[in-house]
Amino acid sequence: MIHILHRFFFPFLQTHSLQDLRQQAPVAAKVFVQRDYTSGTICQFQTKFPAALETRIDKQQFEDTIRKLNSLYAEAEKLGGRSYLEGCLACLTAYTIFLCMETHYEKVLKKIANYIQDQNDKIYAPRGLLLIDPIERGLRVVEITVFEDRSTGPGR
Amino acid sequence: QYFLLVNQFSIQAATVPKIPAALNRGLMDPGMTECQYSQISTVASSPMESQLGKKIPKRKWQTFPGRNKFYCNGRIMMGRQTGVFYLTLVLIVVTSGLFFAFDCPFLAYSLSPAIPAIGAFLFLFVMGMLLRASFSDPGVLPRATPDEAAHLEYGINSPGSGGCRSPPRTQEVVINGQTVKLKYCFTCKIFRPPRASHCSLCDNCVERFDHHCPWVGNCVGKRNYRYFYLFILSLSFLTIFIFAFVITHIVLRSNQTGFLSALKDSPLLNHSDTVLEVVVCFFSMWSIVGLSGFHTYLIGSNQTTNEDIKGLWSSKRGKGNYNPYSYSSVITNCCAALCGPLPPSLIDRRGFIQPDTPQTLCFGNSLVSLRADCDEADDLLFFFFLLHPSLLPVSLASWPFSHDSCLPLCVPHSRSCSHLSTPSALVLESSL
């Protein structure tokens, strides 16, 4: 009942509702996918398949998820006409323009949050896994919580 | 009206409105002896938020482990020592104020009204950039959660190691053909990303760390480097502008009345403002213009101050040593530094602490590991003061300050473990 009340009054906490319910199930392990710095300082994660997930999920699906995340972060940090235009416009307005509109990076971060929520609902939750958005870990790792096998259902 | 069960939060009894006794008894679970209820209205959302702001547990900035100051309920973030920042503000505001008050009327009348207009624009731009550089998050990396730290410490990267061992101090990675060493930060319990460094004054790892600037009162890193650069560039223009037009003013007035009488006409006290402006502008001009030139070079070659003083990418280190982060052309480097996408703050200062999220623990740090952080900061501070030759008397006076800031770090355990119980960041809540 607490969770229902929480979700009614705090719709912005809905992204945690899956996590809240998952808290009921015991956590078996946590897997951390580290950053891949071979292309420099841009945000990319390693696509190496962790051994702890071998019994839970298909390697290809995991790699697809990570690759999609990498492409989304690359889109956020892309240097191109659009980002230069945004930068110049912001400079000319002494950066006051960001009081009314959000940056391109923030828009892509929202896209990433939706993508992770979607992946959790469709692929990871049915297998007893939970992806944590990297922004909540300071873009250091993709944390995957592995729950014990008995926990059921996507649970909403 | 609806009632919200918030038994896991501590609520001030005074703020809880009176609840009908019958309802209270009905809803109160005998097992939960510390239930409190808060009455909330569903009509308007903003009163709800502000009411909850008082009752819901702390925002993340209140338990931030670094040595930073936060103002305006987490919106503003600065380094710990802000005295020199106020000096910067006073110098700029007073000098510009004197210029507008005493020189502009004459110049607007005898030359052009565009002069005060341009001066005003420059002044506002300088202040805007200074405040932006001082108040924003420089790119602080949040510390590792206990699970992450444990994962690194148990050395899962090398299978078969088993058991507990401390993580290796460095990790090597090849970036665009260059081998780069990633250091392990014992304070933050993470492997620092490339170009990141730990600032011992703020006790944080900062991405693309440039230097800690006392004049700005904050670190200069990935997120506020462009504001810092635009600040020093526009301040150079403002200083030269004021200096040039004050000299012009004196020259024009002396043409009218004769040079010595221009100064002698009224007692020197009346012209002390002019003298003050000339002195301040003349001495600060050299260091600020020099600093702008130096940072223009850094931007063009896509290096940080930190990398440049260490000579990491210089060809003197060996043949084939080049900067792996530099783009193909100087223009691209400049555009990337100044007009690139603005990364978000990773520390989420104004977020509320969820009771189930892992809190970063403070770990006792060994004496040996802390000394490594101290040495790095010493190099940086020395370089900073080197860049400001006109401020050498000031820098010599404050040199002991840098050592004092290092010494507390070299005390193991007791100091660093005070973070959770009493936040080391000074907290000033403004009324919003």
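This report covers folds, burial and aromatic contacts in a predicted model.

**Chain B overall**

Chain B contains 12 helices and 12 strands. Of its 432 residues, 46% are buried. Taking the contacts in chain B between residues at least 6 apart in sequence, 69% join residues at least 24 apart. The exposed area of chain B is about 21200 Å², and 65% of that area is supplied by carbon and sulfur atoms.

**Helix α4 of chain B**

Helix α4(B) spans residues 114-135, which is 22 residues. From first C-alpha to last, α4(B) reaches 31 Å, close to the 32 Å expected at 1.5 Å a residue. The buried residues of α4(B) include Ile115(B), Leu122(B), Phe123(B), Phe125(B), Val126(B), Met127(B), Met129(B) and Leu130(B). Pro116(B), Gly119(B), Ala133(B) and Ser134(B) are also among them. Cover for these buried residues comes from both chains: it includes α4 (81-92) of chain A, and from chain B it includes β4 (76-78), α3 (83-110), β12 (218-220) and α6 (225-257).

Phe123(B), one of the buried residues of α4(B), belongs to an aromatic cluster with Phe99(B), Phe100(B), Phe241(B) and Phe245(B).

**Aromatic pairs and charges over rings**

Over all chains, the count of aromatic pairs comes to 19. One example is Phe282(B) with Trp286(B): the ring centres are 5.8 Å apart and the planes stand at 90 degrees, so the pair is edge-to-face, the class for angles over 60 degrees. Both residues lie in helix α8 (residues 272-301) of chain B, where they are four residues apart, about one turn of the helix. Phe282(B) has 35% relative accessibility and counts as partly exposed, while Trp286(B), at 54%, counts as exposed.

Two arginines of chain B lie over the faces of aromatic rings, as listed here.

| Arginine | Ring | Distance to ring centre |
|---|---|---|
| Arg208(B) | Tyr225(B) | 5.3 Å |
| Arg253(B) | Phe106(B) | 4.9 Å |

**Thr304 of chain B**

Arg208(B) also appears among the contacts of Thr304(B). Thr304(B) is found in the loop between α8 and α9 (305-310) of chain B. With a relative accessible area of 1%, Thr304(B) is under the 20% limit and is therefore buried. Apart from neighbours within four places in sequence, Thr304(B) is in contact with Arg195(B), Arg208(B), Phe209(B), Asp210(B) and Leu298(B).

**Strand pairing**

In chain B, three strands form an open sheet in the order β6-β7-β8, with antiparallel pairing. The edges are β6 (170-175) and β8 (190-191), each with a single partner strand, so one side of each has no neighbour in the sheet. Six bridges pair β6(B) with β7(B) (residues 178-185) in the antiparallel sense. Within this pairing, Val173(B) has Val180(B) in β7(B) as its bridge partner.

In chain A, strand β2 (residues 129-132) runs antiparallel to β3 (residues 141-147), and four bridges join the two. Leu131(A) of this pairing stands opposite Ile144(A) in β3(A). Leu129(A) and Leu131(A) point one way from β2(A), and Leu130(A) and Ile132(A) point the other way. All four of these residues are buried.

Conventions
Residues numbered from 1 in each chain as written. Chains lettered and ligands numbered in written order. Predicted model: local features only at pLDDT ≥ 70, side-chain atom pairs only at ≥ 80, totals over all residues. Heavy atoms only, no water. Phe/Tyr/Trp six-rings, centres within 6.5 Å; stacked < 30°, edge-to-face > 60°. Buried < 20%, exposed > 50% of the residue type's maximum accessible area, 1.4 Å probe, protein only. Lys NZ or Arg CZ within 6 Å of the ring centre and 35° of its normal. Expected span 1.5 Å × (residues − 1). Contact = heavy atoms within 4.5 Å. Pairing = 2+ DSSP bridges. Areas by Shrake-Rupley, 256 points an atom, 1.4 Å probe, with all protein chains shown as cover.
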